[in-house]
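User: Hey, can you walk me through this one? I'd like to start with how the chains meet and then poke around.

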Amino acid sequence: MARIVGVVTTSHIPAIGAAIAKGQQDEPYWKPFFGAFGAVHAWLDKVRPDAAVVVYNDHGLQFFLDKLPTFAIGAADEYRNADEGWGLPVQPPYRGDATFSWHLVESLMAEEFDLTTCQEMLVDHAFTVPLRLLWPGTGPCPVRTVPLSVNTIHHPLPTPARCLKLGRALGRAIASYPEDLKVLVLGTGGLSHQLDGERAGFINRGFDQMCMAAMVDDPDALGRYSIRQIVEAAGSQGVELVNWLVARAALGPRVAKVHSNYHVPISNTASGLMVLENAN
Amino acid sequence: MLRALEGSTRDGFDPGQTALTLNKMCYSFNRAENRAAFLRDEEAYCCRFVLDDAQRAAIGRRNVLELIAAGGNIYYLAKFAGIFRMSVQDIGAQQTGMPVEAFKAMLAAKGR
């Protein structure tokens, strides 16, 4: 049977991809961010996942406002990256696993999560940057992937409580897959930031640190927030926290924190990183 | 209180205020040939997307606050800004009325 080896949550800021492309990881601006990934690489070497379910939000590469799914999942054997318009190098294709994807879809649908299924799906920086951070080599990404896109770009958004429920159902869907597959669940985005309006540049360290603590001990505390309250506390793009909630909830109620990092700023954003495992 | 905190994010909570045509034009800038076509003949390119006067003027002025007020969504506007190699920090500086270096310094100060 498949099992979840753990959850990684990380920011997915495009500037990270640009820094990787330019080899700036050891520069003073970037070192406090990239330096925190050594512990993640050591953990990945130990748990050796075969597949990653990547919970992220598309930023207008695959989806436009004309038809915008709240939750969309890839069901393909390959996913392509493409030009997003502002200069990030296009990554080579990522391996998918359509059979695993369809199992997840069937299990989630049976639990009343009516996902949009995508047999062709472009994946943007919110998918590619975290995978580059986890597996920084020049070779192709070593795990099979399943993209799961959550709408965080145009209101109304799914509530934090709904995202926790989706994550719990995702955890059950993974656990019921008959193949012997080690699965990483990756939640990307956040933490606090705001790109638009007069409040651009807003960061809320206190709220972020409360969220990182609650991710370990009490994710339901975050599920009691409304989207409006998260926008108020974390900025209009801080709502990407819901991707973290989906990923967190795929684990059981009791988790152990393997590693975490919080660094301000990367570009306009408070960057966060967590590695969590089910507690024994 | 919330509205004040959101600043000018009209797109924030009222989906009816989103301008499909303006955002559709910005979405088209995912493709290099469309960015080049815009730079070649801005007026002709805008005409293909039926912008209203306020949207057309805001595009001409490359003004992000005006573009948001005219129904632009920041994720698609970022692709428009990309034509001029404007980063989110350039956009942040423009919207807050700061020089870019001051905006970056304001962010760096939050890390200390």
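Analyst: Here is a run through the interface, the pocket and cavities, the salt bridges and some backbone details.

User: What should I know before we start?

Analyst: This is a predicted model, where local features need pLDDT of at least 70 and side-chain atom pairs count only at pLDDT 80 or more, while totals for chains, interfaces and linings use all residues. Residues are numbered from 1 along each chain as its sequence is written, chains are lettered from A and ligands numbered from 1 in the order in which they are written, and side-chain values use heavy atoms, with hydrogens and water left out.

User: Cool. How many residues of chain A are in contact with chain B?

Analyst: 39 residues of chain A touch 42 residues of chain B, where contact means heavy atoms within 4.5 Å.

User: And what area is buried between chain A and chain B?

Analyst: About 3500 Å², with carbon and sulfur atoms giving 58% of that. Buried area here is the accessible area (1.4 Å probe) that two parts lose on being put together, summed over both. On the chain A side, Phe64(A), Glu198(A) and Arg228(A) lose the most area to chain B, together 17% of what that side buries.

User: How many salt bridges are there between chain A and chain B?

Analyst: One, counting a side-chain nitrogen of Lys or Arg within 4 Å of a carboxyl oxygen of Asp or Glu. Asp83(A) pairs with Arg35(B), and their closest N and O atoms are 2.8 Å apart. There are also 16 residue pairs in polar contact between the two chains, both residues at pLDDT 80 or more. A polar contact is a pair of N or O atoms within 3.5 Å; within protein, one must be able to donate a hydrogen and the other to accept it, and residues adjacent in sequence count only if both atoms are side-chain atoms.

User: Which elements of chain A give two or more residues to that side?

Analyst: α9 (227-234) and β9 (255-266) of chain A. The largest share, four residues, comes from α9(A). Helices (H or I, at least four residues) and strands (E, at least two) are DSSP runs, numbered from the N terminus.

User: Switching topic: what volume does the largest pocket have?

Analyst: The largest pocket is about 1200 Å³. Of the 49 residues that line the pocket, the closest to its centre are Pro14(A), Ala15(A), Ser267(A), Ser87(B) and Val88(B). Elements that each supply at least two lining residues include α1 (14-22) of chain A and α3 (32-40) of chain B.

User: How do you define a pocket or a cavity?

Analyst: On a 1 Å grid over the protein atoms alone, a cavity is a set of points where a 1.4 Å probe fits but cannot get out, and a pocket is an open set with protein on both sides within 12 Å along at least five of seven lines; lining residues have an atom within 4 Å of a point. Grid points are joined across faces, edges and corners, and a volume is the space filled by probe spheres set on the points.

User: How many cavities of 30 Å³ or more are there?

Analyst: The whole structure has three. The second largest cavity is about 40 Å³, and among its lining residues are Asp58(A), Phe63(A) and Ile153(A).

User: Back to salt bridges: how many over all chains?

Analyst: 14. One joins Glu179(A) and Arg144(A) at 3.8 Å, N to O. Glu179(A) lies in the loop between α6 (160-175) and β8 (182-188) of chain A and Arg144(A) in strand β7 (residues 144-150), so the pair ties together parts that are 35 residues apart in sequence.

User: Last one: where are the cis peptide bonds?

Analyst: One runs from Gly190(A) to Leu191(A), with omega near -10°. Another joins Val264(A) and Pro265(A), with omega about -10°, and Pro265(A) is in strand β9 of chain A.
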